[in-house]
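Reader: I should be grateful for a close look at one strand of this model and at the strands with which it pairs. Please then continue to other local features that can be described at the level of individual residues.

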Amino acid sequence: MTSTVFENVRLIDPASGRDGAGRLVVTDGRIAAIDGSEAPKGARVIDGQGAVLCPGLVDMRVTLGEPGFEYRESIATGAQAAVAGGITTMAVLPNTSPAIDNPALVHLLKVRGDETGLVSIHPYGALTRGCEGAELAEMGLLKEAGAVAFTDGTRAIADAKQMRNMLSYSRFCDALVVQHPEDPSLARGACATAGARAVRMGLPQVPAAAEAIMIARDLRLAEMTGARLHFAHVSTEEGLTLIRAAKAKGLRITCDTAPPYFAMTEEDIGDFRTYAKFSPPLRADSDRAAVCAALADGTIDAVASDHAPADADDKRLPFAQARAGGTGLVTLLGVTLGTGLPLPDALRLVTSAPAKLLRIDAGVLEIGRTADLCLFDPDAVWTVTAGELPGRAQNTPFDGQDLKGRVLRTFRRGAEVFTAEGLA
C-alpha cells in the first residue's frame with residue numbers, strides 16, 4: 001500500500017464548495033482522507049507551501065492528430081502538453097482520419113490514452129459517418145463503446161430535417177449532441193468576422209449573426225425533440241442571449257466557450273497573424289465582454305481549451321488559407337484564471353462542470369474517488385513562448401503573453417506525472 005499526504009495546501013473542490021487550508025491523503029491511487037486523519041506510516045509527504053490543490057482539470061474539447069495527422073499532435077505529445085497544464089482528463093473530437101465513427105476506434109483511443117500513463121481520454125463519437133454531415137453514425141454502438149457525446153467537430157449539421165432526426169434519435173439513446181454553431185452557407189470560405197477590421201485587411205468575412213442563426217434553429221429543434229443539445233465555443237452576445245432564454249424556458253441546453261473568445265478580440269489578428277485564426281473567428285470587443293458576463297452569470301457551463309494543433313506548414317500560409325485553430329492545453333488554466341472570477345468559480349468551469357456535462361467520473365475531490373490532482377500557484381506568473389511549450393504543436397495564440405497561475409505538479413491516479421521541471 002502506497003500513500004501520499006498533501007499538507008499545507010489550499011484545497012479547492014468546486015463540486016462540494018470546499019475552499020480552505022487542509023490536508024489530503026492518497027492511498028493506492030484514490031483519495032483516502034480529507035483533513036482530520038493522521039498520515040499513514042511511511043507515507044510520502046508533499047508540502048504544498050500554500051499552493052492550491054484542486055481536481056485534475058477536465059478539458060471537454062480537444063483535437064488530436066491521431067489517427068491520421070500525427071505530425072500535428074499525437075496522443076503521446078498531446079498528453080504531455082495536457083499534464084503540463086494540469087489536465088488529467090480529455091474529451092477528444094472525432095474528426096480524425098479515419099473519423100471516430102466505429103466502436104473499435106473509440107476503444108483504441110481510450111486504450112492509447114491509458115498507455116501514456118498520463119491522461120484519461122474520453123472520445124466523442126462522430127455524429128455522421130466520416131464526419132461528412134450525411135448518414136447518421138451508429139450512435140448506440142458508439143455510446144456503448146464509451147463515446148461521451150456526438151459531434152462532427154468543427155462542421156455544423158446544415159440540414160434542419162437531418163438535425164431534427166439526429167436529435168430525436170439522441171434522445172432515444174440519452175446521448176448528448178454537440179453542435180458547432182455557425183451557419184455553413186454564411187461561413188463558407190470566410191476567415192474573419194464581418195466588420196471594419198476584416199474590410200481593412202481584405203479578408204473573406206462571415207457575419208457574427210451566423211452563430212445566432214444556427215443556435216436559433218437548433219434551439220427550436222431541441223424543443224421539438226426534448227434532446228440534450230450542447231453548443232461548443234459560443235462567441236457572440238446574440239448567441240448567448242438566445243441560450244440564456246432557452247435555459248430560462250427549461251430546455252436541455254448547455255454550452256461552452258474557449259479562452260480566445262474571452263481573452264482576445266478581432267484586433268488580435270494584427271498583421272495577418274495566423275496563430276490568431278480560429279473557427280469561429282475572433283469577435284468584436286462587445287462580444288468578448290458578453291462572453292465574460294455569461295461566464296459570470298452561469299449562462300456558459302464550461303470552458304474548454306479547443307486545442308487545435310497545427311504544424312508550421314499549416315500556419316505559414318496567407319491568412320485566408322492557413323489552418324484555423326490554436327493550441328490551448330498548457331494555457332487553459334492560466335487564461336481561465338484571468339477572467340477575474342473568484343478562484344473556485346473559475347476552477348469549476350474546467351473541472352466539475354465539464355465532467356458533469358459529459359457524465360465523466362472526474363473533476364472532484366471526494367473520498368474514494370480517483371486521485372487526479374493539480375497543484376498550482378495562483379500567483380506565479382509565467383510567459384507563454386511558442387517553440388518551448390510541451391507537446392508537438394506550438395501554434396499558441398498567446399505567444400509572448402504573461403499568464404498568472406503556474407502548474408507545479410500534476411497527479412493521475414495518485415502517481416506524479418508532471419513537475420514544474422518536466423515530466424515526472
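Author: In this predicted model, strand 5 (residues 52–55) pairs with strand 17 (residues 373–383) in the antiparallel sense, and 4 bridges connect the two. Within that pairing, Cys-54 has Cys-374 of strand 17 standing opposite. Strand 5 is also joined to strand 1 (residues 3–13); here the two strands run parallel, and the link consists of 2 bridges. One residue pair can be named for this parallel arrangement: Arg-10 has Val-52, in strand 5, as its bridge partner. Strand 5 thus takes part in a parallel pairing with strand 1 and in an antiparallel pairing with strand 17.

From the strands one may turn to the aromatic side chains. The structure holds 4 aromatic pairs. One of them is formed by Phe-69 and Tyr-71, whose ring centres are 6.5 Å apart; because their planes meet at 70 degrees, and an angle over 60 degrees counts as edge-to-face, the pair is assigned to that class. Phe-69 is partly exposed, its relative accessible area being 27%. Tyr-71 is likewise partly exposed, with a value of 42%.

A further aromatic pair involves Tyr-169 and Phe-172, with 6.0 Å from centre to centre and 35 degrees between the planes, an arrangement described as tilted. Both residues lie in helix 4 (residues 160–173), and because they are 3 residues apart there, about one helical turn separates them. As for accessibility, Tyr-169 is partly exposed, with a relative accessible area of 33%, whereas Phe-172 is exposed, at 69%.

An aromatic ring also appears in a contact of another kind. The charged end of Lys-277 sits over the ring of Phe-319, at 6.0 Å from the centre of that ring.

Finally, a residue of the interior deserves attention. Thr-336 belongs to helix 12 (residues 332–337). With a relative accessible area of 1%, Thr-336 counts as buried, because the limit for that class is under 20%. Leaving aside residues up to four places away in sequence, Thr-336 touches Phe-262, Val-303, Ala-346 and Val-350. The buried Thr-336 may be set beside Phe-172 of helix 4, which is exposed.

Key
Residues numbered from 1 in each chain as written. Predicted model: local features only at pLDDT ≥ 70, side-chain atom pairs only at ≥ 80, totals over all residues. Heavy atoms only, no water. Phe/Tyr/Trp six-rings, centres within 6.5 Å; stacked < 30°, edge-to-face > 60°. Buried < 20%, exposed > 50% of the residue type's maximum accessible area, 1.4 Å probe, protein only. Lys NZ or Arg CZ within 6 Å of the ring centre and 35° of its normal. Pairing = 2+ DSSP bridges. Contact = heavy atoms within 4.5 Å.
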